[in-house]
Amino acid sequence: MKDHLEDKLNMGLTTQQVMNDNSSLWGGIAAMVIAVSRLGTNIAAIQSVRLIQEQDLRGVRIDKKEKKEDAIDAGLIVIGGLKAFARANNDNTLLKRIDYTRHELEKARDTVVADRLKIVRDEATAIIGSLGDYNVTGTEVNALSAAIAAYALMIPKPRVALNIRKNATEAITRLFREMDEPLKIIDGIMETLKKSQPEFFETHKNARIIVDSGSGGSGVRGVVRDKITGAPLEGVLISINAPVHRARINARSATRTMTTTTNANGIYEMRRLHAGHYTLKMQKDAYTDLHVLSTIEEGKIAEAHGEMERNS
């Protein structure tokens with residue numbers, strides 16, 4: 001999923017969490033109940049379709065390649081016997097029809113490989129009674145036939161998988177458009193609560209901001225809460241000592257301190273970090289400093305949450 005859609009989904013999830021945390025303030029408003037329910041259903045649909053969109057197709061390609069190799073291996077056994085028979089009987093017509101090398105079969109298009117191996121199988125089947133002296137029997141021909149069938153089943157699967165992922169991408173675009181409707185209804189009703197529930201109104205307003213989380217890469221994100229109450233903590237200072245970029249290798253220090261703060265929902269995020277092991281320091285007035293360990297993998301966003309204790 002593209003970065004801007006990921007950012008929008010994060011906004012939707014944050015808004016959903018804020019609404020759930022404050023359900024006692026709006027539970028009696030029928031239209032709000034319906035809108036929040038629609039938002040939850042829409043987000044769940046997006047997350048479900050995203051799993052399809054982000055499926056790794058490498059496994060399908062590897063499986064197809066393996067079946068192709070199995071079919072070629074089985075084919076070359078039969079080809080060997082057929083070539084010996086053709087030469088022994090001066091049958092140049094047969095020799096030309098089945099004289100394929102491994103390289104020729106491996107480099108041919110998928111359907112061409114299958115067709116060539118079918119020709120080999122059919123030629124062997126036609127003279128199977130004469131091939132025993134050349135160490136090819138019905139067992140080898142049947143093995144080739146089974147290998148061809150298994151390979152033929154795999155030929156369209158990468159294309160099918162690509163089409164499924166394409167359909168998922170189109171569905172996500174539609175689902176994000178549909179998510180706007182319940183959000184707008186929620187926004188409208190929230191305006192009616194601005195004076196009576198100012199804290200709730202501001203929390204919702206902050207949640208509805210789409211935060212640009214950067215251009216991807218490695219990083220860490222999480223939520224910081226009060227250990228006793230479970231309430232999200234705003235304004236927590238998150239600091240981390242990160243290695244300097246290679247371009248700054250001659251800098252005075254081998255690390256640089258990166259900082260950010262949690263928003264009204266206790267959420268923070270840092271991007272552009274190298275893979276490695278880190279210790280995050282979380283600080284807030286009236287709370288004891290908290291150190292949280294996190295391991296960041298290349299190209300992934302790790303999660304590091306914190307529960308802070310009030311000073312005694």
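The radius of gyration is taken here over C-alpha atoms, and the globule rule used for comparison is 2.2 Å times the number of residues to the power 0.38. In this predicted model, the protein chain has a radius of gyration of 31 Å, whereas a compact globule of 312 residues would have one near 20 Å. Along its principal axes, the C-alpha trace spans about 100 × 60 × 30 Å.

The protein chain contains ten helices and eight strands. Of its contacts with a separation of 6 or more, 69% are between residues 24 or more positions apart. The accessible surface comes to about 18,100 Å², and carbon and sulfur atoms account for 50% of that area. Of the 312 residues, 36% count as buried.

Two residues in helices illustrate the burial classes.

| Residue | Helix | Relative accessible area | Class |
|---|---|---|---|
| Thr14 | H1 (residues 3-21) | 13% | buried |
| Ile164 | H9 (residues 157-192) | 43% | partly exposed |

Thr14 is classed as buried because its relative accessible area of 13% falls under the 20% limit. Leaving aside neighbours within four places in sequence, Thr14 is in contact with Ala207, Asn265 and Ile267.

Ile164 has a relative accessibility of 43% and is therefore partly exposed, as this class lies between the 20% and 50% limits. On the surface, Ile164 forms a nonpolar patch with Ile52 and Val160. Together, the three residues of this patch have about 220 Å² of accessible area.

Conventions:
Residues numbered from 1 in each chain as written. Predicted model: local features only at pLDDT ≥ 70, side-chain atom pairs only at ≥ 80, totals over all residues. Heavy atoms only, no water. Patch = residues over 30% accessible without salt bridge, like charges linked within 9 Å, V, L, I, M, F, W, Y side chains within 5 Å. Areas by Shrake-Rupley, 256 points an atom, 1.4 Å probe, with all protein chains shown as cover. Salt bridge = Lys/Arg side-chain N within 4 Å of Asp/Glu carboxyl O. Helix = DSSP H or I, 4+ residues; strand = E, 2+ residues; numbered from the N terminus. Buried < 20%, exposed > 50% of the residue type's maximum accessible area, 1.4 Å probe, protein only. Contact = heavy atoms within 4.5 Å.
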